[in-house]
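Please open the model in your viewer and keep the sequence panel beside it, since this tour moves from one selection to the next.

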Amino acid sequence: MSAAPPPVIVLVRPQLGENIGKAARAMLNFGLTELRLVAPRDGWPNPDAGPAASGADIVLAGAQVFDSVAEAVADCTHIYATTVRKRGVTKPVLTPEAAAKQVHATAGRSAYIFGPERSGLETDDVALAHSIVTVPINPEFGSLNLAQAVILLAYEWSKGVALASPPEVPLDPPADHGEMEQLIQHFIRDLDKTGYFFPADRTEATLRTLRTMLTKTGWSYNDIRMMHGIVTTLGKARKSARTAD
């Protein structure tokens, strides 16, 4: 696992407290807790951030505010600007996955910087960075919001650390064919008692369909319709038996 410190998330001139809260939630989901804000439009703290963070209070409580990007990343050794390629700025361009690998391989502290919701990072902001991170996205609809961008980078970074995963539950071993055959014969015996195989000249085809359905994975519409018929027929038989009693 990575020995490098976790990256800091820097939101540059964020416009809405709600989006700051959502970004904090995205961070904490993947183990990131250090949030830095550069000149938030509505000041800080912002009452709209807490509800949107959905419990990521530790991130909001520790958020630091700076007047400039340079001050926010002063202690970082590698800075990643999340943006499309900027004209007049020549920087290595990385995917989130490639950037995450570099972060884990960098001894010092790294920072991911994100621009305002509407306009993104300015050219001068990107000029401070060492690399540009661009998310491969549908060219016909390149619309990521701030929290989505944060969660993409945080997720890629999280692959290199030991976060809790859903517990592995061993699957039951598959039954052998003998067990399945007993089940099929059980169906046949009970269905035959209820008169399900009607008309008689369709019995062979119905049995073949039943066997096919029970020995394959995945249920088709016809499978479900047939099972409805089976359940309905068995229900009628039980009702008739109760009436007779």
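Between which two helices does the loop that holds Pro 199 lie? Select Pro 199 in this predicted model, and you will find the residue in the loop between helix H8 (177–194) and helix H9 (203–214). The peptide bond that leads from Phe 198 into Pro 199 is cis, with omega near 0 degrees.

Go next to the loop between S2 and H2, where Pro 45 is found; the bond from Trp 44 to Pro 45 is likewise cis, with omega near 5 degrees. Asn 46 belongs to this loop and counts as buried, at 11% relative accessibility, while a polar atom of its side chain lies 2.9 Å from the backbone nitrogen of Asp 48. Ala 39 is also placed in the loop between S2 and H2, where its phi is positive, near 45 degrees, and its relative accessible area of 37% makes the residue partly exposed.

Move on to Ser 54, in the loop between H2 and H3, which has a positive phi near 50 degrees and is partly exposed at 47% relative accessibility.

Finally, turn to the largest nonpolar core, which has 32 residues, and select Ile 9, Leu 11, Leu 35, Tyr 112, Phe 114 and Val 150, the residues that touch the most other members. Elements giving two or more residues to this core include strand S1 (8–12), strand S6 (110–114) and helix H7 (146–158), and H7 provides the largest share, six residues. Centre the view on Phe 114, whose contacts beyond four places in sequence include Ile 9, Leu 11, Thr 82, Val 150 and Leu 153.

Methods: Residues are numbered from 1 along each chain as its sequence is written. This is a predicted model: local features need pLDDT of at least 70, side-chain atom pairs count only at pLDDT 80 or more; totals for chains, interfaces and linings use all residues. Side-chain values use heavy atoms; hydrogens and water are left out. A nonpolar core is a set of buried Ala, Val, Leu, Ile, Met, Phe, Trp, Tyr and Cys residues joined through side-chain atoms within 4.5 Å. Buried means under 20% relative accessible area, exposed over 50%, partly exposed in between (1.4 Å probe, protein chains only). Helices (H or I, at least four residues) and strands (E, at least two) are DSSP runs, numbered from the N terminus. Contact means heavy atoms within 4.5 Å. A polar contact is a pair of N or O atoms within 3.5 Å; within protein, one must be able to donate a hydrogen and the other to accept it, and residues adjacent in sequence count only if both atoms are side-chain atoms.
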